[in-house]
Structures are given as C-alpha cells and as structure tokens.
Amino acid sequence: MTLDGKTALVTGGAQGIGKGIALRLAKDGANIALVDMKADKLAAVKGEIEALGRKACVFSADVSKREEVYAAVDHAEAQLGGFDVMVNNAGIAQVKPLADVTQEDLDRIFRINVNGVLWGIQAAAAKFKARGQKGKIVSASSIAGHEGFAMLGVYSATKFAVRALTQAAAKEYASAGITVNAYCPGVVGTDMWVEIDERFAEITGAPKGATYKKYVEGIALGRAETPDDVAALVAFLASDDSGYITGQAILTDGGMVYR
C-alpha cells in the first residue's frame, strides 16, 4: 500500500487512535492535516510526522460545529496543496446506565460522535467534488456499533448511527468515485479505555482495572488492541488497494464481536 503524494486529514489526531492513524498514514507516504482541540499535543504529533519526512499542518476545531469542520478541510487543502483522504476519528465515550442519561449527556455525545462524522463526510465530499477528483472517507465506528453494550448504551447508539451514515453516504457518493467506510475497534489500550474502566468502577464498585481486564480476557487473540492495529486497517481503507470497498464498517477487534 502507498499513499505517496496524498493529503489526509485526521480528526482527533492529537493522541490515542488518532495519533496512531496519523503516523501510519505518514509512514505510508501521506502528508497529514491534524485536527483536534489539544494544541500542545497537536504540535508534538506534527513534529513526529515531519521527522518522517512528510508535511504536516495543525488546525484547532470542535468537530461538533459544522463550520469548523469545513474550515479544517479548507485549511488542509491550502496548507498541503491537496485533499484526498478524510478520517473522521474524533469521538468520546460515555459510561452510564440508560436510566441515568440526561438530555445534556445525550446532546453532547451525539454532537461529537454523530454530527461530527456527518459534517466530516459533507465537507470532504464537497471538497473532492470541487477538486473534480475521487476521494476516501473513513470514519470511526466501534464494536459497539455492531452490538449494544450495557452501561454504554448511548455510546453504542452513536456508533450504530455512524454505520448508517457510512452506508447512506457510500450509496450517495459512489457515482462521484468517493468511497465511504468505517473501522470498528474493540478494546484499545488508550486514555479512553482508562476513562471507561474508571467509570465502570464508580458505577459497579468493581476495582479499577477489573473491567478492562475482563474485556481483554474475552479477546480471542489474547491481548488488548493497540492504535497501530487500528491504523493498519485505516491505512488500507485510505489506499487505492481498497478501491472496490465501500459502505462497510469493518471490525478490527482481535476476535470479540463476530458478524
């Protein structure tokens, strides 16, 4: 696989899975536009990408705001001279029993996890069409987009929604040569899972680390996932090698959920 000469934008690129994706795409030859709200961490990742011999730029944006996502795409094109791949990676988790979910909880997670993906799809597709070219859109779903999990019910709902948007967008944009796919990680050893584990501990009384351990023990391949594991799939979906794949939400979980 190669992404030589391509420009890819990664939302949530300052840490965790997003950082792993950005570095992998850079290693495969792409120039990277990093979008996040963590300016200090963005600068550090930009430096790592430039150390690989690639160009990089950073843009601070809240993906829940449509105009900021469009501005991020315009900035990527202006700074890096092209636009070929959109990775809608930014998202948040929410651990709470359904009975306790508030209107504010619901609004916040949907604004980021669902609205943010939709704005990214819209902005990328508009840019590809304006440039008269094909393009790749890759978004973050989850194993929780294939199976609802207790205490993660609303989070699961947002990830099911990403699958729906992916399928609809794939059908709407196929005639323009734009493919739209999603990746569905499982238990990844990042700060998000530290937060999930801590919230489970608060709600259920389980010791810290116990929930994470329980889920990892259920992985067929016997270990937690890494950002690099996720990034390998995203790199494939961003490359020409996946040119005949669209509308798919592919599980990359080491063997947890089977569909």
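**View A. Helix 8 has the span expected of its length.** This is a predicted model. Helix 8 covers residues 227–238. At 1.5 Å a residue, its twelve residues should span 16 Å. The C-alpha atoms at its two ends lie 16 Å apart, so expectation and model agree.

**View B. Buried residues of helix 8 and what covers them.** Pro 227, Val 230, Ala 231 and Leu 233 of helix 8 are buried. So are Val 234, Ala 235, Leu 237 and Ala 238. The cover over these buried residues includes helix 1. It also includes strand 4 (85–88), strand 5 (135–140), strand 6 (178–185) and strand 7 (249–252).

**View C. Helix 1 crosses helix 8.** The axes of helix 1 (residues 16–27) and helix 8 come within 8 Å and cross at roughly 50°. That angle makes helix 1 oblique to helix 8. The crossing is right-handed. Helix 1 makes the contact with Gly 16, Ile 17, Gly 20, Ile 21, Arg 24 and Leu 25. Helix 8 contributes Pro 227, Val 230, Ala 231, Ala 232, Val 234, Ala 235 and Ala 238. By type, the residues of this contact are ten nonpolar, two polar and one charged.

**View D. Helix 4 packs with helix 5.** Helix 4 (residues 103–131) and helix 5 (153–173) pack at an angle of about 15°. Their axes are 9 Å apart. The two helices are therefore roughly parallel to each other. Their crossing is right-handed. From helix 4, the contact uses Leu 106, Ile 109, Phe 110, Asn 113, Val 114, Val 117, Leu 118, Ile 121, Ala 125 and Lys 129. From helix 5 come Val 154, Tyr 155, Ala 157, Thr 158, Lys 159, Ala 161, Val 162, Leu 165, Ala 169 and Tyr 173. The contact residues divide into 16 nonpolar, two polar and two charged.

**View E. Met 151 has a positive phi.** Met 151 sits in the loop between strand 5 and helix 5. Its phi is about 70°, although Met 151 is not a glycine. Most residues other than glycine have a negative phi. Met 151 has a relative accessible area of 26%, so it is partly exposed.

**View F. Tyr 244 is exposed in a loop.** Tyr 244 lies in the loop between helix 8 and strand 7. Its relative accessible area is 85%, which means that Tyr 244 is exposed. Ile 49 is 195 residues away from Tyr 244 along the chain. The C-alpha atoms of Tyr 244 and Ile 49 are separated by 29 Å.

Terms used. Residues are numbered from 1 along each chain as its sequence is written. This is a predicted model: local features need pLDDT of at least 70, side-chain atom pairs count only at pLDDT 80 or more; totals for chains, interfaces and linings use all residues. Side-chain values use heavy atoms; hydrogens and water are left out. Axes are lines fitted to C-alpha atoms, for helices over the stretch in contact, and angles run from 0 to 180 degrees between N-to-C directions. Helices (H or I, at least four residues) and strands (E, at least two) are DSSP runs, numbered from the N terminus. Angles under 35 degrees count as roughly parallel, over 145 as roughly antiparallel, 65 to 115 as roughly perpendicular and the rest as oblique. A crossing is left-handed if the near helix is turned anticlockwise from the far one by less than a right angle, and right-handed if clockwise. Contact means heavy atoms within 4.5 Å. Ala, Val, Leu, Ile, Met, Phe, Trp, Tyr, Cys and Pro count as nonpolar, Asp, Glu, Lys and Arg as charged, and the others, Gly among them, as polar. The expected span of a helix is 1.5 Å times one less than its number of residues. Buried means under 20% relative accessible area, exposed over 50%, partly exposed in between (1.4 Å probe, protein chains only).
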